Amino acid sequence: MKKIERSEILNIYEYEKVREQKRKEIIELKKNRRVFVGDLVHLVFENRETVWFQIQEMIRAERMVKEEEINQEIDIYNELIPDKNELSITMFIEIPDEQERKRLLPQLVGIHDHLWFHIGNKYSVRAIADERSQKDYQYGKAAVVHFLKLPLTPEQVEAFINSPVKIEINHPNYKAIVDVPEEVKKELIKDLESD
């Protein structure tokens, strides 16, 4: 999937004019790019549109106008855009109550290393977290956001297109398995087929 280029990014003034419409579009788009895995975890599958929106929102929130800051933001977020035969996932651990969060996050250390995709009866592929997630082990508590990639072989992509897909978290302290809904799978197939 093509990375975001500087020329695609609007300045703060121009973005403000289209922000409300873009926000509605992204909310609609994410409806079919989100999967809840158990009570505490939800996954969002990133693509060019979701990443573009995140870049624009960061520039807006931080009031960025310097070229080097904007380019740095583009570089950071471009890492979320999946390559060919790959899915890009943002994992959110949602524990609204602060006391409960303090209690549970230490029990969920390493959850990012336990996200599996079962493709038909033939393949089980583990998603790979980026290096930032390894800090969980140092800090002794899980971060509430993790960034992962699911690299697939061409054979696994073919199976993904033609077979049921399940997502499983098999962490010692958090176990859940769900079917990927058909409408989500259609979106993910677009990602996998994109160059």
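How far apart are the end C-alpha atoms of α3, and what should its 12 residues span at 1.5 Å a residue? They lie 16 Å apart, which agrees with the 16 Å that the 12 residues should span at 1.5 Å a residue. The expected span is 1.5 Å times one less than the number of residues; helices (H or I, at least four residues) and strands (E, at least two) are DSSP runs, numbered from the N terminus.

A word on the model: it is predicted, local features need pLDDT of at least 70, side-chain atom pairs count only at pLDDT 80 or more, and totals for chains, interfaces and linings use all residues. Residues are numbered from 1 along each chain as its sequence is written, and side-chain values use heavy atoms, leaving out hydrogens and water.

Now to the inside of α3. Ile70, Glu73, Ile74, Tyr77 and Asn78 are buried (under 20% relative accessible area; exposed is over 50%, partly exposed in between, with a 1.4 Å probe and protein chains only). These buried residues fall within an arc of 125 degrees seen down the axis of α3, so they line one face of the helix; the arc is that of the directions from the helix axis to the C-beta atoms. On the other side, Glu68 and Asp75 of α3 are exposed. Helix α2 is included in what covers the buried residues of α3.

Two loop residues other than glycine have a positive phi:

| Residue | Phi | Loop | Relative accessibility |
|---|---|---|---|
| Arginine 63 | near 55 degrees | between α2 (48-62) and α3 (67-78) | 52%, exposed |
| Asparagine 85 | near 60 degrees | between α3 and β3 (86-93) | 17%, buried |

Definitions and conventions: Contact = heavy atoms within 4.5 Å.
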